[in-house]
Amino acid sequence: MPGAPGQRLPSEERLRRRADYLRCYRTGRRRHGSLAILYFVPNQLEGPRLGITASRKVGKAVVRHRLKRRIKEIYRRWQHRSQLPALDLVVHLKPEAGGSDFPALRTELLRLLSGLRERRGPAA
RNA sequence: GGAGAGCUCCAGGCGGUCGCUUCGCGCGGCCCUCGGGCCGGCGCGGAGAGGAAAGUCCGAGCUCCCACGGGCAGCAGGCUCGCUAACGGCGAGGCGCGGCGACGCGACGGAAAGUGCAACAGAGAAUAGACCGCCGGGCUCCUUCGGGGGUCCGGUAAGGGUGAAACGGUGCGGUAAGAGCGCACCGCUCGGCCGGCGACGGACGAGGCUUGGUAAACCCCCUGCGGAGCAAGACCAAAUAGGGGAGCGGAACGCGGGCCGCCCGUCCCGCCCUUGCGUCCGGUUCGCCGGGCGCGGGGCCGCUUCCGGGUAGGUUGCUCGAGGCCGGCGGCAACGCCGGUCCCAGAGGAAUGACCGCUAGCCGGCGCUUUGGCGCCGGGGACACAGAACUCGGCUUACGGAGCUCUCCGGCG
RNA sequence: UGGGGCGUCGCCAAGUGGUAAGGCACCAGACUUUGGAUCUGGCACUCGGAGGUUCGAAUCCUCCCGCCCCAA
C-alpha cells in the first residue's frame, strides 16, 4: 500500500456540530444494516464529511469509543472514498454492534457505503 | 501438601506500515519599528490514558454571586491523641466483638432532661407482677391421729412455666417460707489515690443495688457548614429580532414607581390625557353643556443614523502541581524538613486506532528426575477491569498477575 | 455537572417496624354433552443485591446494581 494521499482524515472531514447531525437525521436519507444505520445528506462543501454516533445502549465508554475509532479507521482506509460526492454521513451504531469484531464491522460498513458511490452518476 | 492472614509491586516488551492530536526545528508566503510577528502547507524529530481515568460518596484549591453582626431552622460528623490545605481520610492507641491463630471488624457521646414504642405468648412488659407452686393463719370435711382435702385471708419473687427481654449473678448463712435481710466473690454506682497528654487502666474504700431495652424512634449535648459550579468565569463578536439616543414625517396619543443580573412586555399602584356608562351638583334655548365621584376601555407608528447589552461561533480558563523521582535527617507511624534532579496527555461530536513479525506467561504431548524441577516438540500469543474532560487529597466499587513475610492443619525425615 | 424518582408472584400493583392485600394470568376441582361464563381452592426459597441496627426489617441505616426522568 503506497502512501496514497487519500488515506488521511483530518478533522475538517468530520461532522463536528450538533446542528449538522440533526440536519442529517431530519432531512437525510438512510440505509439500515444489522449493526448500524447510515444517514446521509448532500452538503455545500468540497467533499464528504463523516460523523459517528453511539448511544449508551451500545455499551460502556470503552466499547463505544473503540467502535468509533474502528469505524473511523475503516472509512479512512476505504479505497473508493475519493469517489464519494459531497455528502454528510452519520453512522449510527445499533446496540447489536457492541459485541462485534473488526472484520464484521468492516463488511457491514463497506456494504452500506458501496451504494452511495453508485448514486453519484445520476445525481450529476 | 492443603487452608488462610498481612504488605508491596506490575498493568507487557522490541521492531515495522498506514493514520490522529500536540510541541519543537527547518523550508515557503505575508507584514515589519529589522527585535520579530502572523498564516497555512510539506519534511524531520519528540510526547500522547488509569490503578482504578469509573461511581460521583466526602474534603480542598480555583472562579463567580451574595454578605454588617448574631440567632433559629436544616444538613453532616460523633472513643482518644496525632497527621494534613482540608476531610466522613490516614497513623498510633484505648475499649468492645469475631477468629484455634496470623489478624479482622466496629454510626464507639447521652436512656437519673423529656416524649414515645414493644405484635404473639405470659399472672405480670416498666408506677412490676401472685397463674401453678411454697409458707402461716381462720372456717369446714375426712382420718389409720402422722396427717390429708376444700375454701377464705395474708406472706413470699427462691422454684415451675411464657417470652427477644421478667427489676443484679453464684454460693453460704438466715427464715414459717422467702427476700441484699446479712456475708464472701463477681458485676454496678460513688469517692479520692496511682499510671497515662488523653481515651482508659490498676489497686483501695464506701454503698447494699438504686437507673431493663430501643436514640440507624422523636430528641438532648458537642463540633462543623453562605450559595453555585470550568456548561464556573474572562475576552472578541455575525445574521435576525429587540433596547436606548438624535434627526425627519404622520397622529388625539405617557410619565413615574413596585423591579435587586440587564432590557422589554405582562401585572399592580399613583398622576396626566382621552373616551363609554352610572350617579350627584350647577347652568339650560329642554336638544344638551360644564364640573365632581364610581366602574370600565385606550394612550404610538414609519424611515435614517449612532450607541450599548447579547445569541450562534471563536479565543481563553488549560495544565508547574498541597507535582514526580533520588538521597539525608526527625518521628513507632501517618507525615514533616532539607538538598539534588526531572517536565511527564491536554482533547473539545472529543486525539491513543487498525494491521504484521519476534518474544516470555499459558495450554497439550513426550523424555529425564527422590521431590523441587529441567529439556524437546506442537499450539497459542496480551487477553482482566476499564478510556483523561478544570486540578488535587481520599473513600467505595470492578478486575488480571507476580513477589515477600506470617498463621493453622496434615504428611515425610 | 447538579438534582429527583422507581425496583414487591409471569403482568399490574397495595403495604412505610409485628411476620406479605387485591386484580389479571396460570393450575386443580365443581357445574356443563363439550367449551365459555360462574363458584371453590391453590399459586412470593432471598420484597433488586450485600452488610448492619432491632427481640423482630419489604419498611430504618450504609454501600453497591439496574432502569427512568429533570435542569444547564
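Start with Lys 60. An N or O atom in the Lys 60 side chain sits 3.0 Å from a phosphate oxygen of RNA strand B. Keep in mind that this is a predicted model.

Two other side chains make polar approaches to the RNA. Tyr 21 has a polar side-chain atom 2.9 Å from a sugar or linking oxygen of RNA strand B. For Glu 73, a polar side-chain atom lies 2.9 Å from a base nitrogen of the strand. So much for single atom pairs.

Now the whole surface. Around RNA strand B there are 21 residues. Which of them come nearest? Gln 7, Arg 8, Arg 14, Leu 15 and Thr 53 do. By class, 11 residues of this surface are charged, seven are nonpolar and three are polar.

Which element supplies the largest share? That is α2, with seven residues. Helix α1 is also represented: α1 and α2 each give at least two residues to the surface near RNA strand B.

What does the protein meet on the RNA side? Take the atoms of RNA strand B within 4 Å of the protein. Sugar or phosphate accounts for 73% of them, and bases for the rest.

Next, the fold. Chain A has four helices and four strands. Read from the N terminus, the elements go α-β-β-β-α-β-α-α.

The four strands form an open sheet. The order is β1-β2-β4-β3, and the pairing is mixed. Why do β1 and β3 each have a side without a neighbour in the sheet? They stand at the edges, β1 at 29–32 and β3 at 49–54, and each has a single partner strand, so one side stays unpaired. From one strand to the next, the twist averages 20 degrees.

Look at the β3 edge. β3 and β4, residues 87–93, run parallel and are joined by six bridges. One pairing to find on screen: Leu 50 has Leu 89 in β4 as its bridge partner.

Now put the helices on. Helix α1, residues 18–27, lies across β1, β2, β3 and β4. Its direction is at about 95 degrees to β2, which spans 36–42. Helix α2, residues 61–77, lies across β3 and β4. The angle between α2 and β3 is about 155 degrees.

Last, two totals for chain A. Of its 124 residues, 37% count as buried. And among contacts with a separation of 6 or more, 80% come from residues 24 or more positions apart.

Notes: Residues are numbered from 1 along each chain as its sequence is written. Chains are lettered from A and ligands numbered from 1 in the order in which they are written. This is a predicted model: local features need pLDDT of at least 70, side-chain atom pairs count only at pLDDT 80 or more; totals for chains, interfaces and linings use all residues. Side-chain values use heavy atoms; hydrogens and water are left out. Two strands pair if DSSP finds at least two bridges between them. Axes are lines fitted to C-alpha atoms, for helices over the stretch in contact, and angles run from 0 to 180 degrees between N-to-C directions. Contact means heavy atoms within 4.5 Å. A residue is near a molecule or strand if one of its heavy atoms lies within 4 Å of it. A polar contact is a pair of N or O atoms within 3.5 Å; within protein, one must be able to donate a hydrogen and the other to accept it, and residues adjacent in sequence count only if both atoms are side-chain atoms. Ala, Val, Leu, Ile, Met, Phe, Trp, Tyr, Cys and Pro count as nonpolar, Asp, Glu, Lys and Arg as charged, and the others, Gly among them, as polar. Buried means under 20% relative accessible area, exposed over 50%, partly exposed in between (1.4 Å probe, protein chains only).
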